[in-house]
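Opening a fresh page for this one. I'll go strand by strand, then look at rings and pockets.

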Amino acid sequence: MSRAQFPAPPPRAVVPEPGRFQAPSNAEVWCPQTALPAGQRTAELTRLPLRATPAPGRIVVGADPTPGELTAPHQPDGYAIAVGEDRIELAANGDRALLYAAETLAGQGLECGRVVDFADLELRGAHLDLKGPMPAFGYLLGLLDRFRRWRLNTVLIEYEDKFGYSEQLGLAGEDALEEGRLRDLLATAQRNGIEVIPLVQCLGHKEYALQRPRYQALAEDERLQQLCPLRPGALELVEAQLAEVLAAHPMARMVHIGGDEPWSLGTCAECRAFAARHGRARLWVRYVRRVAELVVEAGRRPVVWDDVLYAERDPSCVDELPPETVVMPWEYAAHKEHIGHVRWGNPPQLIAPASRRTAPEALPDLPEEAVLADLESLPAAEQRLLRAVKYDGDDLGGHPLPWLRALVARGRTTIGASAARGADGEDRCAPSWGLRLSNIALWAGHSRAAGALGVVTTAWSAYDTVSPPTEPMATAEPLFAAAGHLYWNTATEVSRLERALGPVWQAMRWIERGKSPYLSAAEALLAQREDGGLAALLAEHARLAADTERWAKAAAFHLCARRPGPAAAWARRESLSGARRTLAAWAAWRIRFAVELRDDYAATGAEEVAELKSAEPVHRLTRLVEEFATTREAESA
């Protein structure tokens, strides 16, 4: 199975010089012991023996290992390369940057010249969400290799029940990572210069635990989605989970404790009484603070999501978290510089100044089903806050990431969160690539401008453990490549980036449009390429979805109308025939899609995903065909 390969970010500055490196007879590659992957890459390129040296952050190729005057830029993961006719030198800010330098050298070749490069964002992350069908272990390892190529240096791993918890806790699922495999996964991340941030949900998204009888008494309500923050045993469960996860991740400097979307917050009698006295925001922060303190006591930095802060209309409660806490604001819908509305309150409201009701062009991307509330209807303090962080004191702007600004203003270390997967609907077969790319680019620029630590591009595998899986991870890989480019160099032009991503990406953008001419163009382009199999199946999915809509509407009309005469009888037969042909095409597509994904998922995950991505249209058509059969039997009788 061949897949499209997406390129690494190009270096910022390359200056060619006359000549080409020719190794002297006694030349060797001198490399720090801690940066052997970079040394090995350089030795492979030059075909010279590798030797260890105590000099950190530098590789020298030549007869003399003495470092020269080459210096790396004092920027995140900065490096410099100098290639002469008889000597090569790489200087870098650390082992990871040295690996990037070695890979850039391999890409540039041995022609003489200079290269300087560095990252705009210190943390450039991707998200592995393991709550859905378990990825194949080999796919995970390969993904880490590709993340390195794209200059992503952080992976947020949301284990849920895929972590090998002890029998005493009894939380490990059947397909949880065995201890040895987890060690291999973390070692592969380290070899690729990738820092792992484990995520242990401390409040909501606990279905995987609360569905087990022994823990159901800790739930806030019968939904079994959230721990009760006041119930004895809830904090103890999270503390025990953290102890095991931290022990398995000795190198992790940060630990994400979740805290997002506690849908039942304040529901049980005790929590309802507490919230009535102090507010639900204080109920949340009182509990999350205690979890964060456990992480700080263990010598790590806690990370929390930000949504409860504005959902409960009290961003100031973030001040009650330990100062070491990193806050992660997320926003997946924003993909333009000026968005006129802002999310606020619980249940969520979309807020905008009343003046914008008469200027709909000032409310781009307002969801069609949205109920808009006037900013002026809020209490004065809330109006003042929203005007400051969203509208710059007037009603004209519409900053796309107001809560990033609010958190920075409160002195918090922040990591932004964009989305490559799972942000366009819970049962999609592929992301809305254009929207996702724009969202990633928006976060890149604003995070650098705000002084954020960096951005993690999320990739939700399912909205929760009782929801269908989202689009396969492979369909989002070009977006991770794009994120690597944009987080490395936030000035990257999106149009130039799209050209660099290549023809398969272009085909994906055509598929996204969904219209027949674009699907035909995508299919024609992909038919000429060995690496276009996955994208071709996505194009076929889009075409079959359109065929389903056509024949389902026609069949429904004829079932309801039941017009008499031979012309109507022919039309009914044609509708039935079209529905049956489309059902057969879906069955064939499902088999081919499962084959395409067989190396991406463990066990029967590929078959499960392929079946679910065709389930709704197949169900619609099957019901209509059955109703046709019932109607014909009734007419015959």
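**Entry 1: β7 and its partners.** I started at Tyr 79, whose bridge partner in β7 is Asp 117. Worth jotting down that I'm working on a predicted model. Tyr 79 opens strand β5, residues 79-83, and β5 pairs with β7 in the antiparallel sense over 5 bridges. Then I checked what else β7 pairs with. Strand β1 (residues 13-20) pairs with β7 (residues 111-117), again antiparallel and over 5 bridges. Here I noted Ala 13, which stands opposite Val 116 in β7.

**Entry 2: the annotated stretch.** I pulled the UniProt record, an unreviewed entry. It puts "domain: Beta-hexosaminidase bacterial type N-terminal" on residues 9-106. Over residues 9-106 I get 23% helix and 33% strand. The C-alpha atoms at the two ends of that stretch are 14 Å apart.

**Entry 3: rings.** Next I ran aromatic pairs over the whole structure and got 11. One of them is Tyr 100 with Trp 488, an edge-to-face pair at 5.5 Å centre to centre, with 85 degrees between the planes. Why did I flag this pair? Tyr 100 is in helix α2 (residues 95-108) and Trp 488 is in helix α13 (residues 477-488), so the contact ties together parts 388 residues apart in sequence.

**Entry 4: a three-stranded sheet.** I also looked up an open sheet of 3 strands, in the order β14-β15-β16, with mixed pairing. Its edge strands are β14 and β16 (372-374), each pairing on one side only. Neighbouring strands in this sheet are turned by 50 degrees against each other on average, ignoring direction. β15 and β16 run parallel and are joined by 3 bridges. For a concrete contact, I wrote down Ala 352, whose bridge partner in β16 is Asp 374.

**Entry 5: the largest pocket.** Last stop was the pocket search. The largest pocket comes out at about 1200 Å³. Its lining has 41 residues, and the closest to the centre are Trp 330, Tyr 332, Ala 333, Arg 343 and Ala 423. Which elements each supply at least two lining residues? They are β14 (342-344), β15 (349-352), α11 (402-409) and α12 (433-450), so two strands from Entry 4 turn up again here. By class, I count 22 nonpolar, 6 polar and 13 charged residues in the lining.

Conventions: Residues are numbered from 1 along each chain as its sequence is written. This is a predicted model: local features need pLDDT of at least 70, side-chain atom pairs count only at pLDDT 80 or more; totals for chains, interfaces and linings use all residues. Side-chain values use heavy atoms; hydrogens and water are left out. On a 1 Å grid over the protein atoms alone, a cavity is a set of points where a 1.4 Å probe fits but cannot get out, and a pocket is an open set with protein on both sides within 12 Å along at least five of seven lines; lining residues have an atom within 4 Å of a point. Grid points are joined across faces, edges and corners, and a volume is the space filled by probe spheres set on the points. Ala, Val, Leu, Ile, Met, Phe, Trp, Tyr, Cys and Pro count as nonpolar, Asp, Glu, Lys and Arg as charged, and the others, Gly among them, as polar. UniProt positions are given in the numbering used here, feature names are shortened, and annotations may be inferred rather than shown by experiment. Two strands pair if DSSP finds at least two bridges between them. Axes are lines fitted to C-alpha atoms, for helices over the stretch in contact, and angles run from 0 to 180 degrees between N-to-C directions. Rings of Phe, Tyr and Trp (its six-membered ring) pair if their centres lie within 6.5 Å; planes under 30 degrees apart count as stacked, over 60 as edge-to-face and the rest as tilted.
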